[in-house]
2 protein chains.
Amino acid sequence: MSPPQRVTLADVARAAGVDVSLVSRVLRGHDVKVLDETKERIHQQARELGYRPNAIARSLRSAKAGAFGLVIPNFSNPVYAQIIAGAETAAARRGSVMMTSSGEGWSRSAWYEALDGGRVDGLLVAGGSAVELASLRVPYLLVNRSVPGVARHLVLDDERAAGEAAGHLLALGHRHLAFVGGPADADTAQRRWAGFRAAVGEHRGATVRQLAGDYTAAGGRAAATALVRDAPDVTGIVAANLPSGIGALEGLRDAGVRVPDQASVVAVHDAEIAEYVVPRLTTVRMPLQELGARGIELLTTLPPTESIAEVVDAPIELVVRDSTGPVR
Amino acid sequence: MSPPQRVTLADVARAAGVDVSLVSRVLRGHDVKVLDETKERIHQQARELGYRPNAIARSLRSAKAGAFGLVIPNFSNPVYAQIIAGAETAAARRGSVMMTSSGEGWSRSAWYEALDGGRVDGLLVAGGSAVELASLRVPYLLVNRSVPGVARHLVLDDERAAGEAAGHLLALGHRHLAFVGGPADADTAQRRWAGFRAAVGEHRGATVRQLAGDYTAAGGRAAATALVRDAPDVTGIVAANLPSGIGALEGLRDAGVRVPDQASVVAVHDAEIAEYVVPRLTTVRMPLQELGARGIELLTTLPPTESIAEVVDAPIELVVRDSTGPVR
DNA sequence: CTGAAAGCGCTTACAG
DNA sequence: CTGAAAGCGCTTACAG
């Protein structure tokens, strides 16, 4: 089936009776001043021989990989699926492929070393340790997170998202609200907490509680259980992410608290799964595709050493489903 | 922060006062007969200069990309997350990175062309059109699907998985069973139907129904609705995939049919989401990681032109949750 | 309009 | 024990 060996520019040149350099120029469309007849001959031979350019050789010569890398912690989180989709589309527009990877099976340092070896023109880093970034030669950008000491990052407007979630509950009449947070090292959770807190703080008479969480359903469930036991006055819950919100729903159900009749839940981030839980979960949809796309854009346009701290400028949308309702 | 330009082998050689070829051999650990002193000097200079090998140059020279590609239709399906994890681990064991992509934003042919340009040592194809495969120079392997005319594929034991699902329902006393299928062009759905049919066929007095589906929750919901209307005797449903099963659960709930009291549902494939739906969905867990890992193994060990049609040899496991129970 | 040359950064026989 | 040379497949000035 597949030919035993690669066809190179030299093969085409030989077949067409011209020099490789001419073949290169014609095939890349770089040269207008070539006899139509010659052009035709070259194209035809290339086609017949099944010539396919060697991207590696081209990369070496032009010092351009034609690819971008995206490092994520894992593939099972639907949040990353959306970032990837945005990044792939933006990269394709520039003729570059995206190579997405979680580095599973690699030591972190070996992994970064492999990626830094000219294989990519830039690296979007959405997960993994940030300490190795300092030694990177390839331009990189932290995405959806900011880390002290790393001068290039692009994040979402987490404050605003949590603020909208809180605002939704307040508008429904809820006055005693709780926030189920994330792991201590997740800066996204910090910002969401800050946004939540600020939004509720504007309301006289409203109270606020903060509960530890870990971005998992189990954590959300535990938080809800504790809430029912320790703070029965709370009727509105904002979960810092989707799994926490789903877990909170479970915890409330276990405790016999009816949603949305007796308590309301909103989670930050939206994904298909929110449609499948019972009751369907109200969420705040974040512009994750735009995050991925903008990341690629910054990577290609910004000087590699320039600092950047940007917030994605795209709409955040409250998606009201069945887990929120008027108080009492 | 990052140095303005790359450090090459030549830079290290100059700094250490030796030839590049020697640096290459020492740094790669290829040469034992070198003075310890020289070795030390080379290593130290490499360290000080922050030398990092250029993978592209190495690839060109050695005609080995050090990377594998994995083409999937999209990243939002949790099934692929598990395949990717298995493939990444297996590739890492061979010192290769995995570049996973859905080719979003590319035309299918341009995409395959880009991947076939020496960037990867092999291609695992879990999605997308199969017609371009014939023109590929790089070794490839169809994964989780088999296509007529494509002589290399690795699939799961779909027959057995559906058979186990049916067997579970039969053991619970269900005699009137239905199968919610997948799209017409999904060979996995065909095999699951065959396995379902064979398992039920062995039982005297058991009846079987086949319903159209499309691997989506909406399709599963419609199928369940039709079932309640047209075949009220059916008490056991096997869904060809997870979304279909979740949709079937919704359809039954809409129709007021209680699960598992009045009807049982099992779905092929397992993922976290099965834990979150109500009632928690009984599933058949497939060895997806093993599929990814075995795919890489075959790619690296099999001669590129050799045909192969293999079924992954790893346990399939019934995961009993709350959506199945004894009949009536 | 076309060709010859140089070189991207590495590796691998081959000398010495 | 170490160096010099050739070459992987391409692209890009530079000649003619």
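Which residues are the closest of those that surround DNA strand C? I began there, keeping in mind that this is a predicted model.

**Entry 1, DNA strand C.** I found 27 residues that surround DNA strand C. The closest are S21(A), K33(A), T8(B), L9(B) and S21(B). I then looked up which elements give two or more residues to the surface near DNA strand C, and noted α2 and α4 of chain A with α2 and α4 of chain B. I sorted that surface by class and got 10 nonpolar, eight polar and nine charged residues.

**Entry 2, DNA strand D.** I repeated the search for the other strand. Here 27 residues lie around DNA strand D, and L9(A), S21(A), N54(A), S21(B) and K33(B) come nearest. At least two residues each come from α2 (20–28) and α4 (55–62) of chain A, and from α2 (20–28) and α4 (55–62) of chain B. The classes near DNA strand D are 10 nonpolar, eight polar and nine charged.

**Entry 3, domains of chain A.** I looked up the domain assignment for chain A. Domain 1 covers 9–53, domain 2 takes 64–156 + 289–311, and domain 3 spans 158–285. Domain 2 of chain A is thus written as two segments, with domain 3 falling between them in numbering. Taken over C-alpha atoms, the centres of domain 1 of chain A and domain 2 of chain A are 37 Å apart.

**Entry 4, the contact between the chains.** I counted 50 residues of chain B in contact with 51 residues of chain A. On the side of chain B that touches chain A, at least two residues each are supplied by α4, α5 (78–93), β2 (97–101), α6 (108–115) and α11 (273–276) of chain B. Which of these elements gives the most? I noted α5(B), with eight residues. By class, that side of chain B divides into 27 nonpolar, 14 polar and nine charged residues.

**Entry 5, the relation of the copies.** I laid chain B on chain A; the RMSD is 0.0 Å, after a turn of 180 degrees and a shift of 0.0 Å along the axis. I wrote this down as the relation of a two-fold axis. In chain B, the C-alpha nearest the axis belongs to M99(B), at 2.2 Å from it. M99(B) has a number inside the range of β2 (97–101) of chain B, one of the elements on the side that touches chain A.

Last, I asked why the copies can be said to meet through the same surface. I found that 100% of the interface residues of chain B are also interface residues in chain A, so the two copies use the same surface to meet.

Terms used:
Residues are numbered from 1 along each chain as its sequence is written. Chains are lettered from A and ligands numbered from 1 in the order in which they are written. This is a predicted model: local features need pLDDT of at least 70, side-chain atom pairs count only at pLDDT 80 or more; totals for chains, interfaces and linings use all residues. A residue is near a molecule or strand if its C-beta atom, placed from the backbone, lies within 6 Å of it. Ala, Val, Leu, Ile, Met, Phe, Trp, Tyr, Cys and Pro count as nonpolar, Asp, Glu, Lys and Arg as charged, and the others, Gly among them, as polar. Domain bounds come from an automatic or database domain assignment. Two residues are in contact if their C-beta atoms, placed from the backbone, lie within 7 Å. Copies are superposed by least squares on the C-alpha atoms of residues with pLDDT of at least 70 in both.
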